Each structure stands twice: as C-alpha cells, then as structure tokens.
Amino acid sequence: MAPIASAQHTFKRPLLLAIVILALIALPLVAQVTGLTATTSLATRVLIYGIAAASLNFVLGYGGMVSFGHAAFFGIGGYTVGILYQHYSLGEPLFGFIPGTNQLLITLPAAIVVSGIAAAVIGGLSLRTGGVQFIMITLAFAQMLFFLFVSLKTYGGDDGLIIRRANEVPLLNMRDKQTFYYVCLAITVLFFVVVTRVVNSRFGNVLAGIRQSEKRMAAIGLPVASYKLAAFIISGMGCGLAGALMANFLRFASPDMLHWTKSGELMVMVILGGVGTLFGPFLGAAVFIVLETILSSWTENWQLGLGLILLLVVLYTQGGVQALIERFARKS
C-alpha cells in the first residue's frame, strides 16, 4: 500500500499547484464580476509579501539562521526603484554617471543586485557570530540603514520618496491594477520554481545539513561559512525583489520599509505559514494580510488579536497553516 500512497501524493502535489495557479489567474476576473475589485490589490500584496517571506524562510527554515534584519533588503529594493525613478524624472544621473530609469526590466534586476551586495556585506560581518549575537547584529544593521534613509533629505527623508508612476513594461499598461497583478503573479511563480529547485539541489541539501549539525558538515570538509553566506545573499536578493515590486505597487518608498517591525512581520508570516516549507511563507503572507485587513477594520488594536491567533498557531498547529492543511488532507 505504501507505493500506491506515495504515487497518489506525488500526483496530488502538481495537480494542487496547477489548481492554485488557475485560481490565481481567474481571481481578478472573478473580483471584477462580483464587484470586489479591492481583492485584486489585496492579492497583489499577498504575492509580494509571499516572495519576501519565502526569502526569509530560505535562511531561517532551511539554513537555521534567524535573521531579524531582512527588512533592510526589502527597503533597499524599494529605494533602488524610487531613486532610479527620481533621477529619471529629474534627468540627473545618479553619482554623475548612472542614468535614472522607469523601466521595470531594468529596475528589478538593479534592486536584486543592490540588495545582494548589501546582503553580502551584512552577511559577511554577521555570520562571524551565531545565535542571539547574529540576531542582534542583523537587527542593528537594518536599523542603521533605516536611520540612514531617514537622514537622506534628497530622497524624502522621513516623508519617503514618491514614485509618480509605476515602472513601465513594453506593451503592458502597468497603471492597470489587473495588469500589475498578473506581472506580480508571473514573477512569483518564477520565483517559486527557482526556490524549489535550489532547495532540492545539492546546495539545498548541504544547507539543511548545516542547519542540523554545522560541526559535522565542517568535519567532512565542506566550506560551511561560504554556504551560509551564499544562502544569505540569495535570501537578501529575494527580499530586494519583493521590495522593488512593493515600491511599484504603492508608488512610494519610505524608511518604514526598513524598520525592524517589517522584519517582525516577515517573521510572523513565516511562522504562521510553516517554517522550512515551500508553500508555507505564501500561506502565511495570505493569512497575515487577510487578518490585518479584517482585524484593523474592527479595532485600532488589531495587533493584539493577531498576536493571540499567532500564539494559537504556534501552540496547536505543530508546523503552521501548511501542516494544518496537510493533516486535514490526509484525514480526508
């Protein structure tokens, strides 16, 4: 019976993924027909935060590195888009030789590269430590960058940086919310495929081994520090991508994107969905955004209700929302 069960499980996973993708494709159309047009914007936020949460989960769930400073890369991605747009609108090159731009196919790779460089610097210094020290150093770096952007009056300072129009893509109307949603959906699917391949690769297996026993992996001759730094950089690049998309979605970049509370939100999304799972961070992002929307419409103290729900998830789901769904699926 075991081979049959295994075959059924293997069959169900791609089928479920296909159903989810089809549902996400149909979502804006259904929202338009039913008059719930705000659902499209809500789903766009879920996709973007899902990318950021999955990026954090890559180092947290698979690498065992508890980073409390991933908001730094999220904010850097957003500000990369904003700064390039400002220099484009003013017609003044950045640093005197880097031309500004409003093209998404340029700003997204730029945000990924800049976030990756920042992650290489922060990770190279932070990974010299471990445990609580690592958590505090990543938090400290994020707060340093937060106060840096607050002090940059050229780019809005405390008030943030306005992006008057979303970045353009040839042949697409990026001002249309449905179009922007589908662009985010395509990027999210591509991102999910890449993360899945990396997690299931030799690199992902080594990273999982480092999480379980760093000393054992070092004893067999693997460069543990290099693997951890590479994972941290990949994770930072993913958060930078999410930040760039969020800046386009909001048409605004602010220091709040780098604040430690944003790192806390990403951490909550990962815990809600399921640490060390592929779908979990996206489920966690969906649950978090939906709860935030509903609870904030009831009370200003919506964080209290969210905290109670998070406590219940941690105590009773034994692995987050994804584990809960899998248990119900097995019973059925």
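These legends walk through several close-up views of a predicted model.

**View 1. The largest nonpolar core brings together 90 residues.** Among these residues, Tyr49, Phe58, Leu245, Met269 and Phe288 touch the most other members. Helix H2, residues 38–60, gives the largest share of this core, with 13 residues. Pick out Leu245 and look at what surrounds it: leaving out residues up to four places away in sequence, Leu245 touches Ile48, Ile51, Leu108, Phe180, Cys184 and Ile187.

**View 2. Helix H4 runs from residue 104 to residue 126.** Its 23 residues reach 32 Å from the first C-alpha to the last, close to the 33 Å expected at 1.5 Å a residue. The buried residues of H4 are Leu104, Thr107, Leu108, Ala111, Ser115, Gly116, Ala118, Ala119, Ile122, Gly123 and Ser126. Their cover includes helix H3 (71–90), helix H5 (131–151), helix H6 (177–199) and helix H9 (224–250).

**View 3. Val113, Ile117, Val121 and Leu125 make a nonpolar patch on the surface.** The patch has an area of about 360 Å². Leu125 sits in helix H4. With a relative accessible area of 42%, Leu125 is partly exposed.

**View 4. Ser41 in helix H2 is a buried residue.** Its relative accessible area is 16%, and buried means under 20%, so Ser41 falls in that class. Setting aside residues up to four places away in sequence, you can find Ser41 touching Lys177 and Phe249.

**View 5. Gly82 is a buried glycine in helix H3.** The relative accessibility of Gly82 is 0%. Beyond its neighbours within four places in sequence, Gly82 is in contact with Leu161 and Ile163. For a sense of distance, look across to Gln212: its C-alpha atom and that of Gly82 are separated by 40 Å, and the two residues are 130 apart along the chain.

**View 6. Helix H9 leads to Arg251.** H9 has 27 residues, which should span 39 Å at 1.5 Å a residue. The end C-alpha atoms are indeed 39 Å apart, in agreement with that value. Just after the helix comes Arg251, which has a positive phi near 55°.

**View 7. Glu292 and Arg45 form one of the three salt bridges in the structure.** Side chains of opposite charge can pair when their charged atoms come close. Here the closest N and O atoms are 3.3 Å apart. Because Glu292 lies in helix H11 (residues 280–298) and Arg45 in helix H2, the pair ties together parts that are 247 residues apart in sequence. Glu292 is buried at 18% relative accessibility, while Arg45 is partly exposed at 22%.

**View 8. Lys228 and Glu214 meet in another salt bridge.** The N to O distance is 3.2 Å. This pair links distant parts of the chain, with Lys228 in helix H9 and Glu214 in helix H8 (residues 214–219), 14 residues apart. Lys228 counts as buried, at 11% relative accessibility, whereas Glu214 is partly exposed, at 39%.

**View 9. Lys262 and Glu265 form a salt bridge within helix H10.** Both partners lie in this helix (residues 260–273), three residues apart, which is about one turn. Their side chains meet at 3.4 Å, N to O. Lys262 is buried, with a relative accessible area of 14%, and Glu265 is partly exposed, with 22%.

Notes. Residues are numbered from 1 along each chain as its sequence is written. This is a predicted model: local features need pLDDT of at least 70, side-chain atom pairs count only at pLDDT 80 or more; totals for chains, interfaces and linings use all residues. Side-chain values use heavy atoms; hydrogens and water are left out. Patches are made of residues with over 30% relative accessible area and no salt bridge: like charges are joined within 9 Å, nonpolar side chains (Val, Leu, Ile, Met, Phe, Trp, Tyr) within 5 Å. Accessible areas come from the Shrake-Rupley method with a 1.4 Å probe; for residues, only the protein chains shown count as cover. A salt bridge is a side-chain nitrogen of Lys or Arg within 4 Å of a carboxyl oxygen of Asp or Glu. Helices (H or I, at least four residues) and strands (E, at least two) are DSSP runs, numbered from the N terminus. Buried means under 20% relative accessible area, exposed over 50%, partly exposed in between (1.4 Å probe, protein chains only). A nonpolar core is a set of buried Ala, Val, Leu, Ile, Met, Phe, Trp, Tyr and Cys residues joined through side-chain atoms within 4.5 Å. Contact means heavy atoms within 4.5 Å. The expected span of a helix is 1.5 Å times one less than its number of residues.
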